Amino acid sequence: MSCAWPYLLLLTPAAVLVGEDLGTRRVSVVWLALLGTSAVSASWHVVGWQTMLRQAAVNTCSLLVVAALLGVYLFMRRFAVRYSVGAGDLLCLVAITPLFGAQEFIRFLIAACLVSLVWWAVRRKRRRTVPFVAMVGIALTGWVLLQLFRL
């Protein structure tokens, strides 16, 4: 086993959030806080506190840029932001910011969006919206496995 074992701390909150989001389309703030705490703890242990803080700051800025671009897109399409993005989605993404370098975070967001697109294509007849926290949790589980086994 590699030095990436602290990433295992992320699996329990991620699994609970996936189940909650798929089942009820609501996520608990407590589990989001546990995910964030696990992300900070794992990242601090693996890369150190200075790198962890830098990654969190850079990735939060990246999220702000993406959110602004999404807001402009939704405004231009005349879609309501409140029906397109939930607070749980944003909090989940902020919670995992300490885990990734800048490029890796963008790759992770793309992977989570691709998982969401596949889910939507398969299930679109039953639901109009995508449980994005669940899709992030699935992508995060895949990332943890990649880190553990260095695939």
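**Exercise 1. Which residues does Ala 139 touch, not counting residues up to four places away in sequence?**

Let's start with one residue. Please keep in mind that this is a predicted model.

- Step 1: Find the residue in the fold. Ala 139 lies in helix 7.
- Step 2: Look for its partners, leaving out residues up to four places away in sequence. Ala 139 then touches Phe 108 and Ala 112.
- Step 3: Decide whether it is buried or exposed. The relative accessibility of Ala 139 is 12%, so this residue counts as buried; the cut-off for buried is under 20%.
- Step 4: Try a pair of residues. Val 72 and Ala 139 are separated by 67 residues in sequence, and their C-alpha atoms are 26 Å apart in space.

**Exercise 2. Describe the protein chain as a whole.**

- Step 1: Count the elements. The chain has seven helices and zero strands, and reading along the sequence gives the pattern α-α-α-α-α-α-α.
- Step 2: Take the dimensions. The C-alpha trace spans about 45 × 30 × 30 Å along its principal axes.
- Step 3: Test the chain against a compact globule. For 151 residues such a globule would have a radius of gyration near 15 Å, and the chain has 15 Å, so the two agree.
- Step 4: Check burial. Of the 151 residues, 34% are buried.
- Step 5: Check the reach of the contacts. Take those between residues at least 6 apart in sequence: 72% of them join residues at least 24 apart.

**Exercise 3. Work out how helix 1 packs against helix 7.**

A hint before you begin: two packed helices are described by the angle between their axes and the distance between the axes.

- Step 1: Locate the pair. Helix 1 covers residues 11–24 and helix 7 covers residues 132–149; their axes are 8 Å apart, at an angle of about 150 degrees.
- Step 2: Name the arrangement. Angles over 145 degrees count as roughly antiparallel, and helix 1 is therefore roughly antiparallel to helix 7.
- Step 3: Give the handedness. This crossing is left-handed.
- Step 4: List some of the residues in contact. Helix 1 contributes residues including Leu 11, Ala 14 and Asp 21, while those from helix 7 include Phe 132, Gly 137 and Val 144.
- Step 5: Sort the contact residues by class. There are twelve nonpolar, two polar and one charged.

**Exercise 4. Do the same for helix 1 and helix 2.**

- Step 1: Helix 2 spans residues 29–47, and its axis is 9 Å from that of helix 1, with a packing angle of about 150 degrees.
- Step 2: Helix 1 is thus roughly antiparallel to helix 2, and the crossing is left-handed.
- Step 3: Among the residues making this contact are Pro 13, Leu 17 and Glu 20 of helix 1, together with Trp 31, Leu 35 and Ser 38 of helix 2.
- Step 4: The classes come out as eight nonpolar, two polar and one charged.

**Exercise 5. Now try helix 3 and helix 6.**

- Step 1: Helix 3 (residues 49–76) and helix 6 (residues 102–123) cross at roughly 45 degrees, and their axes come within 9 Å.
- Step 2: That angle makes helix 3 oblique to helix 6.
- Step 3: The crossing is right-handed.
- Step 4: Val 58, Asn 59, Ser 62 and Leu 63 of helix 3 meet Ala 102, Phe 105, Ile 106 and Leu 109 of helix 6.
- Step 5: By class, this contact has six nonpolar, two polar and no charged residues.

Methods:
Residues numbered from 1 in each chain as written. Predicted model: local features only at pLDDT ≥ 70, side-chain atom pairs only at ≥ 80, totals over all residues. Heavy atoms only, no water. Axes fitted to C-alpha atoms, helices over the stretch in contact; angles between N-to-C directions. Helix = DSSP H or I, 4+ residues; strand = E, 2+ residues; numbered from the N terminus. Parallel < 35°, antiparallel > 145°, perpendicular 65-115°, else oblique. Left-handed = near helix turned anticlockwise from the far one by under 90°. Contact = heavy atoms within 4.5 Å. Nonpolar A, V, L, I, M, F, W, Y, C, P; charged D, E, K, R; others polar. Rg over C-alpha atoms; globule rule 2.2 N^0.38 Å. Buried < 20%, exposed > 50% of the residue type's maximum accessible area, 1.4 Å probe, protein only.
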